[in-house]
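Thank you for making time for this one. I would like to walk through how some of the helices pack, and then turn to the empty space in the structure, so please have the sequence and the model open in front of you.

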Amino acid sequence: MKVIFVVCDGLGDRPIKQLKNLTPLEAAKTPNLDKLAKNGINGLLHTIDHGIRPGSDVSHLSLFGYDTKIHYKGRGMYEALGLGMKMNKGDIAFRCNLATVKSDLTILDRRAGRIESCEPFIKELNGALINGVRFAVKAGVMHRAAIVMSGYNLSYKVSDADPHEVNTKVKKVMPLDNSKEAQFTADVLNRFIEFAHIKLKQNPLNKERSKKKLSEANYLLLRGAGYVEEVQSFFDKYKLSACCIAGAPLYKGIAKALGMDIIDIKGATGTLQTDLEAKFTAAKTALKRYDFVFVHIKATDSCGEDGNFTEKKKFIEKIDKAIKTISNLDDALIVVTADHSSPCALKAHSADPVPIVMSGEGVRVDGVIKFGERACANGGLSHIVGLNVMPEIMNLLGKTQLYGD
Ligand code: ZN
């Protein structure tokens with residue numbers, strides 16, 4: 001038996017008055033997900049632990065069985081890997097936004113008017129050399145980019161330059177410990193940010209934007225310092241060949257860091273317009289070559305963070321329709337869950353546990369007949385934490401080593 005592991009980002013929610021006190025998942029018409037629940041074993045999942053409000057990076061590592069207390073070294077690395085950047089041991093990576101600041105460095109727009117692409121602005125920053133440290137810069141989607149610093153004596157123990165709010169001044173990068181390395185890294189970064197600001201201000205495209213009364217893309221807001229750490233690959237850990245089908249760079253980066261192959265799908269955008277049918281069709285095909293297929297779906301989280309419960313419900317119904325492609329496979333264990341809740345009322349991640357279903361040969365089918373936050377609470381998996389998920393899957397695959405004698 002092989003595995004298709006579907007993570008609907010931020011799927012979990014809280015009851016919403018306008019949905020008759022149901023969550024978007026409970027209110028959505030989901031016959032295919034319900035069928036999986038009916039034929040499967042269900043439960044509630046706390047990706048890190050009870051009461052912990054996780055980021056998407058740590059929750060995915062935990063779902064794949066990697067203890068984040070040991071293995072998590074910042075988000076930057078996954079973003080950079082997800083954009084196809086190379087990272088060597090000792091390199092430090094950041095994610096960043098192309099933003100708009102006033103002359104006194106007050107932030108006017110953290111996303112430079114949600115600029116279509118930052119590529120034409122940041123390409124001349126790529127390759128900059130400051131105090132022997134080389135900066136690689138690569139554009140992501142819209143205003144997003146990633147930065148990799150390569151050189152000696154670097155540390156990821158440095159603060160963000162991004163204050164995460166507008167109408168406030170940008171922050172200087174500060175060392176987060178007393179090491180010489182952190183001080184050096186912070187100094188070099190501050191010089192790079194200053195250099196980038198000068199270059200961006202001079203970019204002729206900004207003169208055009210200014211004439212059109214568009215926000216100028218004149219500042220790099222860095223955050224999420226991370227460094228490369230070699231971890232045991234997913235294959236070495238479980239002896240399962242694995243691949244990833246995702247739109248957003250972070251999830252590709254996490255998969256890449258664990259040694260999974262990335263299957264790029266045209267139309268997999270990580271947005272509401274993503275081609276879900278294409279993703280699940282590709283997952284079905286990938287089962288021929290891989291033992292474990294990880295499918296990531298992003299827009300459920302984006303809807304939660306926008307507080308848009310109508311759109312979240314509609315998008316869940318789209319997922320349900322598309323998941324039909326894989327819901328009737330005889331030779332696969334289908335696991336559907338989320339990395340955390342993103343309740344529309346909070347417009348942020350929360351610690352509320354998320355539903356999980358495992359459906360396939362040999363599972364102890366329980367009495368749950370609907371896939372939802374409250375229905376799954378009555379399932380046979382009960383409450384589990386993220387680090388339990390892979391052991392449960394390995395047990396169902398019959399690949400768990402005997403403990404004791
Ligand atoms: Zn997430």
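Let me begin with a convention, since the first point depends on it: an angle between two helix axes of over 145 degrees counts as roughly antiparallel, with the angle taken between N-to-C directions. What you are looking at is a predicted model, and in this model the axes of helix H12, residues 299-306, and helix H13, residues 309-327, cross at roughly 170° and come within 9 Å of each other. By that convention, H12 and H13 are therefore roughly antiparallel to each other. If you look at the residues that make this contact, Ala299, Thr300, Cys303 and Gly304 on the H12 side meet Glu311, Lys312, Phe315, Ile316 and Ile319 on the H13 side. Taken by type, the residues of this contact comprise 5 nonpolar, 2 polar and 2 charged.

The second pair I would like to show is helix H7, residues 180-202, with helix H8, residues 204-211, where the axes lie 5 Å apart and the packing angle is about 60°. That angle makes H7 oblique to H8. Here Leu200, Lys201 and Gln202 of H7 are in contact with Pro204, Asn206 and Lys207 of H8, and the contact divides into 2 nonpolar, 2 polar and 2 charged residues.

Stepping back to the whole chain, there are 14 helices and 14 strands. The radius of gyration is 22 Å, close to the 22 Å that the globule rule gives for 405 residues, so the chain is as compact as a globular protein of that length. Along the principal axes, the C-alpha trace spans about 65 × 55 × 35 Å.

Now to the empty space. How many cavities of 30 Å³ or more does a search of the whole structure find? The search finds 1, and the largest cavity holds about 60 Å³ of space. Its lining has 14 residues, and Leu45, His46, Thr47, Ala351 and Asp352 are the closest to its centre. By type, this lining is made up of 6 nonpolar, 5 polar and 3 charged residues.

Finally, I would draw your attention to the second largest pocket, which contains about 240 Å³ of space. Of the 16 residues that line this pocket, Val228, Glu229, Glu230, Val231 and Ala257 lie nearest its centre, while the element that gives the most to the lining is helix H5, residues 76-82, with 3 residues. The lining of this pocket divides into 11 nonpolar, 2 polar and 3 charged residues.

Conventions:
Residues numbered from 1 in each chain as written. Predicted model: local features only at pLDDT ≥ 70, side-chain atom pairs only at ≥ 80, totals over all residues. Heavy atoms only, no water. 1 Å grid on protein atoms, 1.4 Å probe; cavity = no way out; pocket = protein on both sides within 12 Å on 5 of 7 lines; lining within 4 Å. Points joined across faces, edges and corners; volume = space filled by probe spheres on them. Helix = DSSP H or I, 4+ residues; strand = E, 2+ residues; numbered from the N terminus. Nonpolar A, V, L, I, M, F, W, Y, C, P; charged D, E, K, R; others polar. Axes fitted to C-alpha atoms, helices over the stretch in contact; angles between N-to-C directions. Parallel < 35°, antiparallel > 145°, perpendicular 65-115°, else oblique. Contact = heavy atoms within 4.5 Å. Rg over C-alpha atoms; globule rule 2.2 N^0.38 Å.
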